[in-house]
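This report describes one helix with its surroundings, and then a single buried side chain.

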Amino acid sequence: MTRIKIIVSVLFVCCTLFSSKRVEKVNIWLIGDSTMAPKSAKAYPELGWGEGLADYVTNKAKVHNHAVNGRSSLSFINEGRWQAVYDSLQKGDYVIIQFGHNDEKTDTARHTEPFGSFKQNIQKFIDEAGKEGAIPIVCSSIVRRHFDAAGNLKDTHGDYITGAAQIARETDTAYVNMAALTRKLVSDMGPEQSKNIFLFTQTKQDSTHLNVAGAGIVAGLFVEEAKAQRLPIASIFK
């Protein structure tokens with residue numbers, strides 16, 4: 001064997017060994033509505049908390065944010081958006097599920113009943129993710145910044161929070177109560193200071209959607225709770 005052939009053979013073996021030892025990243029799939037979703041540049045500084053989550057993962061994981069503005073659990077399924085995620089799932093992936101904001105809408109394309117079709121849709125996500133070996137995590141919706149005259153934060157999601165908690169419990173699925181976490185955050189900040197994490201600009205006053213700072217803070221709440229519960233996903237957070 002010539003010297004060149006020996007060098008080529010050694011390089012081939014080294015590359016093969018390196019390739020075989022390379023660890024694929026864990027995928028984190030996010031499905032939900034505008035409060036979680038990525039935004040276009042023209043929407044700046046609006047941002048969903050799912051985008052903020054990317055700053056908390058280690059280099060062992062990759063976030064795929066499939067949340068979309070205006071979607072409910074029903075429309076997300078009917079538009080084929082869940083199927084696209086499902087077709088990409090691999091064993092060991094995580095699927096973070098957060099719906100409710102738009103399930104309460106009255107139009108037939110989005111409306112679900114909190115203890116009926118809403119729970120059924122969430123169970124579909126749970127069951128089908130599990131079938132592919134992925135690990136689902138159910139989240140309740142984040143709060144809207146709606147204060148009453150006395151400065152108390154209103155409940156604008158009602159039974160959809162309860163429904164999310166119920167289906168997580170009934171299916172023995174990890175549950176992160178984002179409603180409770182963000183309620184404490186926004187309540188503690190109060191009516192004025194809380195504007196700093198929502199979309200309040202000179203031209204827009206939006207008490208539903210987060211700004212860049214808010215997206216990072218709310219994502220941090222999810223990460224802290226995952227660590228507090230010792231959920232498996234916590235191992236891929238910084």
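Helices (H or I, at least four residues) and strands (E, at least two) are DSSP runs, numbered from the N terminus, and contact means heavy atoms within 4.5 Å. The model is predicted: local features need pLDDT of at least 70 and side-chain atom pairs 80 or more, whereas totals for chains, interfaces and linings use all residues. Residues are numbered from 1 along each chain as its sequence is written, and side-chain values use heavy atoms, without hydrogens or water.

**Helix 8**

Helix 8 comprises 17 residues, 212–228. R230, with a positive phi near 55 degrees, follows helix 8. Among the buried residues (under 20% relative accessible area, 1.4 Å probe, protein chains only) of helix 8 are V218, L221 and F222. The buried residues of helix 8 pack against helix 2, helix 7 and strands 3, 4, 5 and 7.

The axes of helix 7 and helix 8, lines fitted to C-alpha atoms over the stretch in contact, come within 10 Å and cross at roughly 125 degrees. The two helices are therefore oblique to each other, being outside the ranges under 35, 65 to 115 and over 145 degrees. M178, L181, T182 and L185 of helix 7 meet I217, V218, L221, F222 and E225 of helix 8.

**Polar pairs and S73**

Two N or O pairs within 3.5 Å, the limit for a polar contact between a possible donor and acceptor, are tabulated.

| Pair | Distance |
|---|---|
| N211 side-chain oxygen, A213 backbone nitrogen | within 3.2 Å |
| S73 and D103 side chains | 2.6 Å |

S73 lies in helix 3 and is buried, at 0% relative accessible area. Beyond its neighbours within four places in sequence, S73 has contacts including F99, T112 and F125.

Terms used
Expected span 1.5 Å × (residues − 1). Buried < 20%, exposed > 50% of the residue type's maximum accessible area, 1.4 Å probe, protein only. Axes fitted to C-alpha atoms, helices over the stretch in contact; angles between N-to-C directions.
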